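User: I'm new to this one and would like to talk through its aromatic rings. Could you pull it up?

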Amino acid sequence: MAKKISILGSTGSIGVNTLGVIDTFQDEFDVVYLSTFQNNKLIIEQAKRYRPKALVVVNDSNAEDVKEVLEKENIEILIGRDGLLEISKRDDIDLVMNGLVGSAGMEPTINALKAGVDVALSNKESMVMAGDLINNTMNESGAKIYPVDSEHSAIWQCLVGENIEDIKRIILTGSGGPFRTRDVNTFSEISLKEALNHPNWSMGKKITIDSATMMNKGLEVIEARWLFDLQINQIDILIHPQSIIHSMVEFNDRSVKAQLGIPDMKIPIQYALTYPTHALAEWGELDLAKIGKLTFEEKDIEKFPCIGLAYESIRIGGSAPAVLNVANDNAVYSFLNKRIKFTDIPDIIEKACNAHDLVKDPSLEELLELELWTYEFVMKEIDKK
Ligand code: MG
């Protein structure tokens, strides 16, 4: 029987790559739901090709446009945030691929897990904001998360057949982004174009900026803490500019396992879709002789303060990582809209983290309230810039 799959964020980088992977399997996947933020043209193409039961678009006017074209297709069209939340609650599927961007991805993850549906999770912000709540939800419903983030997929693969108690630490590798060797004194002049130019990975805009500030690695530390139930002092970051080793696990006997591969998101996506099978794939092989050498460096927290802010937030715990995450989302969107400078991003996040009233064990409702509070706080800070 074909695996029934819902793809949230189907027109984004993860969604498109997921459909690309699905295309290489004959009849093994049935695409049941699709969602887009604003890319009507692409979701119409996807709807015609994959014939989902339903799809979600962002607002009424987009829904009108899509309905007109898909009139004869018998596809239910849902609208906006309500539509997304509604579709994420449905349990007539086997797997949700959550390729949504930012904090918007959190509630759909929780909804799917509550409904007993497994989640292939690319939206790391879900775990950053609500890791504890999500783990409790999984315990209650029995549904699972399959990591899609390449580092977490690497750790997951290294841990097949291993015991969590045998882990000394995990080492998350990161390329260091486009500004690894740039003089920090010129960071305030970094342009949007420069920040969007990642050396190794082709990804969506938000995560590309997160990689440039290195907040991406900070968020991944928090994500790993919850995904693998580790203490924060068991999670290290290592800069590895070639992005070939996707992460490592060091065991108590100092034996270290690493997972390697070409930097292509289709590999972790496919593994999440076909787990526990490593299915045959058509992409290029890893040619280590051609690459020649793999190099490593210490992380630089002075240069990339977002890393320190992320560690600090998870040490504080409770609602602190959620506020960090929402502040980061909105600071990054404002940088993408050219409203603030690159160096304003960590500055605004730090202010939001310092100003918020900590909630120890935030419920979903409390997290949603904090999301709004943080958004409003950040917008006021941005107006001052
Ligand atoms: Mg990653």
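Analyst: Sure. Phe187 is buried, and Phe342 is buried too; the word buried stands for under 20% relative accessible area, with exposed over 50% and partly exposed in between (1.4 Å probe, protein chains only). Keep in mind that this is a predicted model, where local features need pLDDT of at least 70, side-chain atom pairs count only at pLDDT 80 or more, and totals for chains, interfaces and linings use all residues. Residues are numbered from 1 along each chain as its sequence is written, and side-chain values use heavy atoms, leaving out hydrogens and water.

User: What makes Tyr146 and Trp156 a stacked pair?

Analyst: Rings of Phe, Tyr and Trp (its six-membered ring) pair if their centres lie within 6.5 Å, and planes under 30 degrees apart count as stacked, over 60 as edge-to-face, the rest as tilted. By this rule there are twelve aromatic pairs. The centres of Tyr146 and Trp156 are 5.6 Å apart and their planes are at 20°, so stacked it is.

User: Why is Tyr146 called buried?

Analyst: Its relative accessible area is 13%, so Tyr146 falls under the 20% limit. Trp156 also has 13%, so Trp156 is buried as well.

User: How do you know which type of pair Phe187 and Phe342 form?

Analyst: Their planes are 80° apart, with 6.0 Å centre to centre, and that makes the pair edge-to-face. Phe187 and Phe342 also belong to one aromatic cluster with Phe179, Phe304 and Phe335.

User: What sits over the ring of Trp226?

Analyst: The charged end of Arg225, 3.9 Å from the ring centre. The rule asks for NZ of Lys or CZ of Arg within 6 Å of the ring centre and within 35 degrees of the ring normal.
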